[in-house]
Amino acid sequence: MELMNALTGRRSVRNYLDTPIPRQTLEELLEAACWAPSGVNRQPWYFLALTEPEQIAKMKENLEGIALGIGPLMDRRFPTHPEVKEQTVRFVRGLGGAPVYVLVFLQRDYPDKEPMMLSAAAAIQSLLLAAWERGIGSCWLYAANEAGYDEKLREIFAPDKGPLVSLVTLGYPAPEPPLRAPARKPGRWDIR
């Protein structure tokens with residue numbers, strides 16, 4: 001797959017097959033993510049892929065609370081589109097049946113947190129594109145942070161690491177009608 005095809009063709013997947021991702025493939029995806037650029041080459045990210053049933057179950061214990069926690073925020077963001085809230089909350093409750101949950105943390109609590117978060121975001125994008133190139137779907141979520149579960153998840157899964165940056169689901173997409181890309185909003189770039 002060519003890079004531009006991956007950039008313009010990748011979609012957030014919210015419904016997955018229960019087919020496991022081979023460990024070697026998962027290792028290759030995580031390695032690809034770690035080749036992302038980072039400020040002053042600090043490589044501040046830490047990826048924790050949950051695949052074992054007991055680890056997935058631990059995460060699932062928190063999903064209902066996260067879903068409830070983002071409800072009021074979704075009401076404020078989409079007051080005239082309750083279906084967006086319903087779809088989002090439904091996805092968060094089960095994460096679409098994804099076989100892999102990747103929790104992305106910072107390596108530690110950096111005093112200059114903002115550039116470290118931006119570096120981790122670049123690594124997440126690399127993970128999403130590397131997965132898509134291999135036919136693996138993903139969805140990048142910030143819901144746990146918005147619901148106030150970021151510190152709880154850090155305590156459960158990576159107490160020796162820094163703050164939770166995000167959660168990414170990975171899995172083979174369930175057959176659905178192809179998703180059309182939303183229109184790109186105007187005024188997002190310029191050349192001078």
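**Exercise 1. Locate tryptophan 140, decide whether it is buried, partly exposed or exposed, and list what it touches.**

Step 1. Tryptophan 140 sits in strand β3, residues 137–141. Helices (H or I, at least four residues) and strands (E, at least two) are DSSP runs, numbered from the N terminus. This is a predicted model, where local features need pLDDT of at least 70, side-chain atom pairs count only at pLDDT 80 or more, and totals for chains, interfaces and linings use all residues. Residues are numbered from 1 along each chain as its sequence is written, and side-chain values use heavy atoms, with hydrogens and water left out.

Step 2. Apply the cut-offs: buried means under 20% relative accessible area, exposed over 50%, partly exposed in between (1.4 Å probe, protein chains only). Tryptophan 140 has 40% relative accessibility, so tryptophan 140 counts as partly exposed.

Step 3. Look for contacts, meaning heavy atoms within 4.5 Å. Leave aside neighbours within four places in sequence. Tryptophan 140 then contacts Ala121, Ile124, Leu128, Ser166, Leu167 and Val168.

Step 4. Now take a C-alpha distance. Tryptophan 140 and leucine 170 are 30 residues apart along the chain, and their C-alpha atoms are separated by 9.2 Å.

**Exercise 2. Check the span of helix α3, then find its kink.**

Step 1. The expected span is 1.5 Å times one less than the number of residues. Helix α3 covers residues 53–77, which is 25 residues, so α3 should span 36 Å.

Step 2. The end C-alpha atoms of α3 are 34 Å apart, which agrees.

Step 3. For the kink, use the bend at a residue: the angle between axes fitted to the seven residues ending there and the seven starting there. In α3 a kink of about 35° lies at glycine 71, shortly before proline 72.

Step 4. Aspartate 75 also belongs to α3. Aspartate 75 is partly exposed because its relative accessibility is 40%. The C-alpha atoms of aspartate 75 and glutamate 31 are 38 Å apart, with these positions 44 residues apart along the chain.

**Exercise 3. State which residues of α3 are buried and describe how α3 meets α7.**

Step 1. The buried residues of α3 are Ile56, Met59, Asn62, Leu63, Ile66, Ala67, Ile70, Gly71, Leu73 and Met74. They pack against several elements, including β1 (45–50), α4 (82–94) and α7 (150–157).

Step 2. Two packed helices are described by the angle between their axes and the distance between the axes. Axes are lines fitted to C-alpha atoms, for helices over the stretch in contact, and angles run from 0 to 180 degrees between N-to-C directions. The axes of α3 and α7 come within 11 Å and cross at roughly 165°. That makes α3 roughly antiparallel (over 145 degrees) to α7.

Step 3. Name the partners. On the α3 side they are Gln55, Lys58, Met59, Asn62 and Ile66. On the α7 side they are Lys152, Leu153, Ile156 and Phe157.

**Exercise 4. Compare valine 40 and leucine 95: which is buried and which is exposed?**

Step 1. Valine 40 lies in the loop between α2 (23–33) and β1. Leucine 95 lies in the loop between α4 and β2.

Step 2. Neither is a glycine, yet phi is positive: about 55° for valine 40, and about 50° for leucine 95.

Step 3. Valine 40 has 78% relative accessibility, so valine 40 counts as exposed. Leucine 95 has a relative accessible area of 0%, so leucine 95 is buried.

How values were computed
Angles under 35 degrees count as roughly parallel, over 145 as roughly antiparallel, 65 to 115 as roughly perpendicular and the rest as oblique.
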